[in-house]
Amino acid sequence: MKNKFFKGLSVLLSLTCCLALFSCKDNPSPSEQSISYILTDNQYDAVFDVSFNVSDVAVVDRYEADYLINCVAGCENLTVIDVDGISFAQEKFCFITRKNTNFDEYINAAMYKIQEETIDVNFSNNKTGIMRYDMDLYKIAKLDGVQDLILTINEPSVSLSDTPTGEFERIKNNGMFLIGWTLPPDSKGFNRLDSLLYRHDNAHSDGTEMNILKGVASAMGFYTESGDYYVRPIEWNNVEEDLNSGVVDVIMGAIVDTPTLREKFDVTFPHMQNSYCLVVRKEDADKYSSLSSLKDAKFCAASGSEGETLIKGYLSEILF
């Protein structure tokens, strides 16, 4: 009789444990919860995944989000949201020149000029094929939908109306403004960096950074229809050597102004800001307006990007 009793009690305890385990699986403890996310090949795909309901929230560069939402068909149903409690680090983009020269000051002067007045710049935007003239800094940025990220350029210490001195005088006498960009080739062998800078199979180059420097070159007296500036793709590892040897006079790309950068190069005024951001469908903007609501969202980011790092680290910590 005792044996039957203990056997029955054992079965009952086993069933109780099993039910408890199933209950735990359905209701995970806070320590077991985590962000649901997927990774894509690039930021374009991350944004389009949200547009087509594959995921709910993309974590991407703000400049890329603005470009896609404002300029690319299929993304007009998206928006960038701000959520109390989430703050991403800000970056400020700049151009760099040789150390201990005054050429950065003249670039600042040129950027200040195209901020204050239009410049007759002859370039086409490859996405539309339309020739663009009478451009200023804001209009150039608006071509790629990133006008809200443009920073105000401070009044420079030199004027373009002054007689060129130092490095600017040497470059003017040389007759050629040598521009270098730091971009890896894409899968088709063309150099690109999303909306900021890209090159097409017809060797035509555009994008915000490229077009700003076209405006700068024009303001400095270099850019003409015959072309007296030259753009050369270079490797970041060779930047210091290429600048010091005169292979290029200025470097562009997604170059973030930092104290470390200033130890090696002269740095222009920052002209654009950037940060990572959250992109959702417009219809879901209110739905994902709080930290608690984001816990149920499916996130996405480009594999290997800062967006992936933010999902796995910063966002996971503040949401759970």
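## Cores and a helix pair

In this predicted model, the largest nonpolar core holds 40 residues, and F95, I107, I212, V216, M220 and M252 touch the most other members. Six elements, listed in the table, each supply at least two residues of this core.

| Element | Residues |
|---|---|
| α4 | 103-116 |
| α5 | 137-142 |
| α6 | 166-174 |
| β8 | 177-182 |
| α7 | 208-219 |
| β13 | 250-252 |

Among the contributors, α4 gives the most to this core, with seven residues.

M220 is a good place to look around. Which residues is M220 in contact with, leaving aside its neighbours within four places in sequence? The list runs through F103, Y106, I107 and A110, and continues with L160, F168 and K172.

Another core, of 19 residues, lies apart from the largest one. V83, Y276, L278 and L294 are among its members.

Now to a pair of helices. Two packed helices are described by the angle between their axes and the distance between the axes. Helix α2, residues 43-51, packs against helix α3, residues 62-71, at an angle of about 55°, and their axes are 10 Å apart. Because angles from 35 to 65 degrees count as oblique, α2 is oblique to α3. The crossing in which α2 passes α3 is right-handed.

Which residues meet where these helices pack? From α2 come Q43, Y44, V47 and F48, and they meet Y63, E64, Y67 and L68 of α3. By type, the residues of this contact of α2 with α3 are six nonpolar, one polar and one charged.

Definitions and conventions. Residues are numbered from 1 along each chain as its sequence is written. This is a predicted model: local features need pLDDT of at least 70, side-chain atom pairs count only at pLDDT 80 or more; totals for chains, interfaces and linings use all residues. Side-chain values use heavy atoms; hydrogens and water are left out. A nonpolar core is a set of buried Ala, Val, Leu, Ile, Met, Phe, Trp, Tyr and Cys residues joined through side-chain atoms within 4.5 Å. Buried means under 20% relative accessible area, exposed over 50%, partly exposed in between (1.4 Å probe, protein chains only). Helices (H or I, at least four residues) and strands (E, at least two) are DSSP runs, numbered from the N terminus. Contact means heavy atoms within 4.5 Å. Axes are lines fitted to C-alpha atoms, for helices over the stretch in contact, and angles run from 0 to 180 degrees between N-to-C directions. Angles under 35 degrees count as roughly parallel, over 145 as roughly antiparallel, 65 to 115 as roughly perpendicular and the rest as oblique. A crossing is left-handed if the near helix is turned anticlockwise from the far one by less than a right angle, and right-handed if clockwise. Ala, Val, Leu, Ile, Met, Phe, Trp, Tyr, Cys and Pro count as nonpolar, Asp, Glu, Lys and Arg as charged, and the others, Gly among them, as polar.
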